[in-house]
Amino acid sequence: MDFGDSLEEAAFRTRLREWLASNNPRLPASSTDDEYWAGQRAWHQSLYDGGFFGATWPEEIGGQGRPSVFDVIVDEELAAAGAPPRPSLGYLVEGILEHGSDETKRRFLPGIVNGRDRWCQGFSEPDAGSDLASLRTSAELDGDEYVITGHKIWTSYSDDAEWCLVLARTDTGAAKHKGISAFAVPMDQPGIEQRPLPMINGITKEFGEVLFDGARVASSNMIGQPGEGWALAMTVVSHEREPQQLGFAGRYQKLVKDMVEQVRSDPARYNADQIRDLGWAIVEAEMLRVHVCRRLSERLDGVTHGPEGSIDKLLMTWTEQAVGNAALSVGGLNPADDDTGLKVYLYGRAQSVMGGTSQIQRNLIADRILHLAAS
Amino acid sequence: MDVRLSPVQEALRESVSLVVDRLGPRTVRQLDDLERAEKLEAAVVASGWRDLRVPEVDGAPLASGVEAAIVAEELGHGLADAPFLGPTLAAELRRLASAPAATAGETVVLAPSLSEFAVAVGGLQDGSVAIDAQGAESALVLVARENNDAFVLASVPVASVAVGVDLTRPSAVVGSASPVAVIDQQGRALSSDDRATCAALGLALTCADLVGIMRGAVELATGYASSRQQFGRSVGSFQAVQHLLADALVLMEGSRSVARHAAWAVDALDPEEALGAAARAKAYCARAARTVCETSIQVHGGVGNTWECLAHVHLRRALLSSEVLGGVGVNMGRVLAHYGIGATDGLR
C-alpha cells in the first residue's frame with residue numbers, strides 16, 4: 001500500500017507543475033462566478049492540449065490510456081497551483097463509451113474529450129426529477145430523422161453546448177423504463193430554445209432549460225439501441241456520483257487552500273467558531289482526496305464502479321457542504337465584504353440533489369450494499 | 001500510487017480476523033469467560049503482532065504502520081479483549097530510544113487528559129493512566145530534559161488494573177506515588193520528532209481500531225434490523241431505519257480511507273506531516289465512530305439499551321479509543337496548527 005508517486009507518476013506531476021507555471025488562467029471558482037463559465041472552454045482545450053485532461057481514457061478517443069490514479073495527480077496539482085478544476089464531463093464520456101457503437105464513439109468522443117465540442121445532458125424534466133423514468137419528452141421517427149418535443153430542465157452548460165445528450169421516449173407503448181432512447185442532438189437549430197436558469201447564488205451560466213419543439217435529429221445520432229436510453233442514463237448517473245469523474249476533490253482543495261491563506265493572513269479577525277468550521281473543511285476535503293486515491297487504486301484490479309458510487313456521492317456531498325459552511329462562516333455576511341463565501345455555500349446545496357438526491361443514494365445503499373428489504 | 005493492501009497485508013488481515021472470530025467475545029457474557037480471554041491473549045502473543053514495531057538491526061521497525069493498523073482494525077472489529085495498542089506503543093518508544101526490549105508485559109502512560117503521553121516532571125501527575133494494561137507489569141513515561149525538547153524513557157510499575165469505560169481494555173491509574181525509574185539507554189534521548197512519530201502511530205492505531213469498531217457496529221445493527229419484526233415486517237424495511245444505517249456505512253468508509261492514509265504516513269512521511277495526517281484522521285474517525293455506535297444503539301431500540309446487547313460494548317470501546325492521544329477537539333487543534341492557524345499543543 002503506497003500513497004506516494006511511482007517514478008512515472010512523479011514525472012507526470014513535475015511536467016504538470018511546470019506547465020501550470022505558465023498556463024494557469026487564474027479563473028475564479030467555478031461555483032461562484034459566470035466568469036469561470038465564460039473561460040471554461042478555453043481552459044478545457046488548453047489543459048487537453050497540454051496533455052493533462054482525459055489522460056486516463058483510451059487512446060482511441062483522444063486519451064492516453066493511463067491508469068485512473070493519474071487523475072488524482074491532476075486534481076492535486078491544479079488545486080496546489082490555484083488553477084481551476086478539471087472540466088466535469090467524465091460521466092458523459094463513460095456513458096457513450098459503454099453504450100455507443102464503435103462508429104458513435106469515433107464520431108463523438110474525441111471532440112468531447114479534447115474540448116472542441118461542448119455537450120450538455122438533457123435528462124431531467126419539470127415532472128421527472130428523482131423519478132427520471134417518467135420523462136415525457138418524445139422522439140417520433142419521420143423518415144430517417146426523429147422529431148423531438150419536450151422540456152428539459154436543470155441542464156448544466158446548455159447555453160454553451162453544441163450538443164445535447166437527450167433522453168426521449170421512442171416507444172409510448174412500452175413499459176416506463178423500456179421505451180426510452182438516447183440521442184446526440186445538435187443544439188443549433190430552430191426547434192430548440194435554450195433559456196438560462198439562474199441558480200440560488202445568482203450565477204446564470206451553469207443551469208439552463210431547453211425546450212424542444214419539433215427539433216430534428218438524424219436516426220444515426222441515436223446512442224445505443226432503441227430502448228437502451230434508460231440503461232445509458234443509469235451508466236451516466238452512476239458515474240456522475242463519483243468525485244473522480246467530476247474532479248471535485250480538486251475544487252474543494254482549492255477552496256480550502258484559499259480560505260486557509262485568508263485566515264492565516266489575519267487570524268485575529270476570526271473567532272473560534274469560524275476557525276473550527278474551517279478545520280472541518282480541511283478534514284473533509286483531505287478525506288475525499290485520500291478516499292479517491294483508494295477508489296482509483298481499486299480500479300487497478302479492473303474492478304469497475306458499482307453501488308459503492310452512492311457511498312462516494314454522499315462523502316462528496318458532505319465534503320462540499322462542509323466546505324460551503326466554512327466559506328459562509330469565514331466569509332461572513334458583512335455587506336462591505338465580497339460575497340464569494342455566501343455564493344460557495346449556496347452553490348453547495350445543489351450537491352445533495354444533483355446526480356441523484358442524498359435520499360436516493362441512501363435508498364440505493366440500503367438496497368444494494370446492506371441488502372435491507374425494500375420498503 | 002497504489003493504496004490497495006498487498007497480498008501479504010491481505011493475508012495478515014485474514015489471519016487476525018480468523019483468530020478474533022474464534023477467540024474474541026461474541027456476546028457480552030463471554031467477556032467474563034477468562035479461559036477464552038487467556039486463549040486469545042496467548043494467540044496474540046504467539047502471533048508476534050505485538051512485536052511489529054520492534055527494531056530490526058538497522059533500527060527500522062519490523063513492519064510499517066500499515067501492518068500494525070491492519071492488526072488494530074481487526075482486533076477492534078472483533079472487540080478483542082487482549083492488549084495490543086499499549087504494548088505496541090511501548091515497543092515503539094523503546095525502538096525510538098534504542099532501549100533494550102521489555103522483559104515483561106509493558107504499556108504506556110498517558111496524561112490525565114488521555115490526549116498525550118505522560119511527561120514526568122519530578123514525578124507523575126496524579127490521575128495519569130496506564131492504558132490497555134491487562135497483564136502489564138510496567139508502563140513507560142517520558143522524563144523531560146532541558147527545555148522539553150528532549151526526553152528520556154522511564155517506567156513506572158502497574159498494579160490494580162481495572163475495567164473502566166471500555167469493557168474490553170482495562171487500565172490502571174498511576175500518579176505522584178508511582179516510583180519513576182529511568183531506563184538504561186545507550187545515550188539516545190527522544191526528540192520531539194520521535195514523540196511526534198510515536199503519537200502519529202498511536203493516533204493511526206486508534207483510528208484503525210475505531211474503523212474496526214464501526215464495521216462491527218454496522219454489521220450488528222444491520223443484522224438486527226433485518227431480523228427484528230414490527231408492524232408485521234422487518235424494521236430494516238423502513239426507509240427511516242435504512243437511512244440511519246446507510247449514513248453509518250458511509251461514515252465508516254470515509255473513516256477507513258483516512259485511517260489507511262494515516263497508517264501509511266507514519267513511516268512514509270516526515271514526523272510533522274505524519275502527525276498532521278494522523279490528526280486529520282483522528283478528528284474524522286472519532287466524530288464518525290460516536291455517531292455510528294449511537295446509531296447502532298438506536299436501531300436496536302429497547303434491546304440496545306440493555307447491558308446484554310453488544311451495541312454498548314462497541315460504543316464504550318469507541319469512547320476510549322477516541323480519547324486516547326486526543327479526541328475530536330484536541331486533534332482539530334493539531335490540524336489547524338499544522339496549517340499555521342492557532343497555537344501548537346505539547347506534541348510539537
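Begin by colouring chain A by domain: the assignment, which is automatic or taken from a database, gives domain 1 (7-96), domain 2 (119-226) and domain 3 (236-369). The model is predicted, and local features need pLDDT of at least 70, side-chain atom pairs count only at pLDDT 80 or more, and totals for chains, interfaces and linings use all residues. Residues are numbered from 1 along each chain as its sequence is written, while chains are lettered from A and ligands numbered from 1 in the order in which they are written.

**Domain 1 against domain 3, chain A**

Select domain 1 and domain 3 of chain A; their centres, taken over C-alpha atoms, are separated by 19 Å. The contact between them takes 22 residues from domain 1 and 25 residues from domain 3, where two residues are in contact if their C-beta atoms, placed from the backbone, lie within 7 Å. On the domain 1 side, helix 3 (70-80) and helix 4 (90-99) of chain A each supply at least two residues. Helices are DSSP runs (H or I, at least four residues), numbered from the N terminus. Helix 3 of chain A gives the most to this side, with six residues.

**Chain A against chain B**

Next, display both chains. Their contact takes 39 residues from chain A and 41 residues from chain B. On chain A, the elements that give two or more residues are helix 8 (248-265), helix 9 (272-298), helix 10 (309-331) and helix 12 (358-369). Select helix 9 of chain A, which gives the most to this side, with 13 residues. By class, the side of chain A that touches chain B has 24 nonpolar, six polar and nine charged residues; Ala, Val, Leu, Ile, Met, Phe, Trp, Tyr, Cys and Pro count as nonpolar, Asp, Glu, Lys and Arg as charged, and the others, Gly among them, as polar.

**Helix 2 of chain B**

Now select residues 34-47 of chain B, which form helix 2. Ala37(B), Leu40(B) and Val44(B) of this helix are buried, that is, 20 or more other C-beta atoms lie within 10 Å of their own, with C-beta atoms placed from the backbone. These residues are on the same side of helix 2 of chain B because they cover an arc of only 60° around the axis, the arc being that of the directions from the helix axis to the C-beta atoms. Add helix 1 (7-23) of chain B, which is included in what covers the buried residues of helix 2.

Rotate to the face turned away from the buried side, which carries the exposed residues Glu35(B), Ala42(B) and Ala46(B); exposed requires 12 or fewer such atoms. Finish at Gly48(B), just after helix 2 of chain B, which takes a positive phi of about 80°.

Technical notes: Expected span 1.5 Å × (residues − 1).
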